[in-house]
Amino acid sequence: VLHSPSIDYTTTRPGVPYVVTVHDLVPLKRPGDYLRTGIKHRLRYSAVKRATRIIVPTAAVGRDCERVSRG
C-alpha cells in the first residue's frame, strides 16, 4: 500500500493500492482564485479520484470529495 499524506505527492500510476489524504478542495471549489495553478490542481485531484481510499480531516471535506468524484 502506498500512502500520500497530501495531494502534493500524488502519483497517477501507483501500481499498488493507493491511499491519499485530502485536506481541502478549495482549488476545485474556487477555480478563479487558482488560475495559475488550475492545471496542476486538476491533475492532482484526478490522481486522487483513482485512489483506493481517501483520508479526510472533516466530514465536510469528505462530502466535498464525494461531490467531486461524481462530477
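Colleague: Why is Ser4 called buried or exposed?
Modeller: Ser4 has 3% relative accessibility, so Ser4 counts as buried; buried means under 20% relative accessible area, exposed over 50%, partly exposed in between, with a 1.4 Å probe and protein chains only. This is a predicted model, in which local features need pLDDT of at least 70, side-chain atom pairs count only at pLDDT 80 or more, and totals for chains, interfaces and linings use all residues. Residues are numbered from 1 along each chain as its sequence is written, and side-chain values use heavy atoms, leaving out hydrogens and water.

Colleague: Which residues is Ser4 in contact with, leaving aside neighbours within four places in sequence?
Modeller: Tyr9, Thr10, Tyr18, Val19, Val20 and Thr21, where contact means heavy atoms within 4.5 Å. Ser4 itself lies in strand 1, residues 2-4; strands are DSSP runs of E with at least two residues, helices runs of H or I with at least four, numbered from the N terminus.

Colleague: What makes the largest nonpolar core?
Modeller: Ten residues, among them Ile7, Tyr18, Val20 and Val48. Such a core is a set of buried Ala, Val, Leu, Ile, Met, Phe, Trp, Tyr and Cys residues joined through side-chain atoms within 4.5 Å. Val48 is in contact with Ile7 and Val20, among others.

Colleague: How do you know that the protein chain is as compact as a globular protein of that length?
Modeller: Its radius of gyration, taken over C-alpha atoms, is 12 Å, close to the 11 Å that the globule rule gives for 71 residues, so the description applies. That rule is 2.2 Å times the number of residues to the power 0.38.
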